[in-house]
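Welcome, and thanks for taking a look at this one. Here is a short tour, going from the whole chain down to single residues.

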Amino acid sequence: MLINNDTIVKDNDPLMRTKSEPVKLPLSVEDKNILMDMYNYVKDSIDPELSEERNLRAAVGISAIQIGIPKRMTVIRLTDIDKNDNEILYEFCLVNPKIISSSLQKAYLQSGEGCLSVIEEHEGYVVRSARVTVEAYDALQDKHIRIRARGFLAIVLQHELDHFEGTLFYDHINKDEPFKEIENALII
Ligand code: CO
């Protein structure tokens, strides 16, 4: 499946507001291929040459609904700093991921969020939980996993899982005061 900046479903399409369906396990060949195409997209999108050549927009995550498939599948691939200040590459091909717990403490990205499906800029703090625990089947490791995420990874997980519910990042921005300070929030 060809995935590029032109084929990705945008937020003016009502599809982006629909709910995605759970995926049957074990994965069908078709679903495996969809995940692989999504994985290749996020991986190639951060390569300047490939992204130029194939009209890709840099991304740390993509959900199936963004390529027109309303299934609970998402791929996340990003580099972050772990607890010991080491750089670590996180990559997942998640199927039916579910947040099983989330911190009361909030967090947001200082520079706001972006999304492959959103062209217009939406300024403001996208307030989320600072830490989440997610359970899912990970097709990359071929097993059920539990992710205890904090910081940037926690934000990206919440952003992608929101797509399953038809929620977009700017829904979380305070309409009256987009840059309202949040007490005790972790600023990333
Ligand atoms: Co998005």
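In this predicted model, residues 24 or more positions apart account for 70% of the contacts with a separation of 6 or more. A cobalt ion is held by Cys115, His159 and His163, and a few backbone details are worth a visit as well.

**The chain as a whole**

- The chain contains 3 helices and 8 strands, and reading from the N terminus the order of elements is α-α-β-β-β-β-β-β-β-α-β.
- With a radius of gyration of 16 Å, close to the 16 Å that the globule rule gives for 188 residues, the chain is as compact as a globular protein of that length.
- If you would like a feel for the dimensions, the C-alpha atoms fill a box of roughly 45 × 35 × 35 Å along the principal axes.

**Surface and charge**

- Of the 188 residues, 47% are buried.
- The accessible surface of the chain is about 10300 Å², and carbon and sulfur atoms contribute 48% of that.
- There are 22 positive and 32 negative side chains, and 8 Å separates the centres of the two sets.

**The cobalt site**

- Three protein atoms serve as donors to the cobalt ion: SG of Cys115, NE2 of His159 and NE2 of His163, at 2.1 to 2.3 Å from the ion.
- Along the chain, these donors follow the spacing C-x43-H-x3-H.
- Cys115 sits in the loop between strand E4 (106-108) and strand E5 (128-129), while His163 belongs to helix H3 (residues 151-163), so this pair ties together parts that are 48 residues apart in sequence.
- Are Cys115 and His163 buried or exposed? Both are buried.

**Phe169 and its surroundings**

- Phe169 lies in the loop between H3 and strand E8 (186-187).
- Its relative accessible area is 3%, and since buried means under 20%, Phe169 counts as buried.
- Which residues does Phe169 touch, leaving aside those up to four places away in sequence? They are Glu113, Gly114, Cys115, Val118, His122, Val126, Arg128 and His159.
- Two residues in that contact list, Cys115 and His159, are also donors of the cobalt ion.
- Another of the contacts is Arg128; Phe169 and Arg128 are 41 residues apart in sequence, and their C-alpha atoms are 9.8 Å apart in space.

**Backbone details to look at**

- Most residues other than glycine have a negative phi, and most peptide bonds are trans, which gives some background for the next points.
- Leu25 and Pro26 are joined by a cis peptide bond, with omega at about -5 degrees.
- Pro26 is placed in the segment before helix H1 (29-45).
- Asn55 is not a glycine, yet its phi is positive, at about 60 degrees.
- You can find Asn55 in the loop between helix H2 (48-54) and strand E1 (61-63), and with 30% relative accessibility Asn55 counts as partly exposed.
- Asn96 also has a positive phi, near 50 degrees, in a residue other than glycine.
- Asn96 is found in strand E3 (residues 87-102), and at 24% relative accessibility Asn96 is partly exposed.

Technical notes. Residues numbered from 1 in each chain as written. Predicted model: local features only at pLDDT ≥ 70, side-chain atom pairs only at ≥ 80, totals over all residues. Heavy atoms only, no water. Donors = N, O, S within 2.8 Å, 3.2 Å for Na, K, Ca; no water. Helix = DSSP H or I, 4+ residues; strand = E, 2+ residues; numbered from the N terminus. Buried < 20%, exposed > 50% of the residue type's maximum accessible area, 1.4 Å probe, protein only. Rg over C-alpha atoms; globule rule 2.2 N^0.38 Å. Contact = heavy atoms within 4.5 Å. Areas by Shrake-Rupley, 256 points an atom, 1.4 Å probe, with all protein chains shown as cover. Lys, Arg positive; Asp, Glu negative; His and termini not counted. Charge placed at Lys NZ, Arg CZ, Asp CG, Glu CD.
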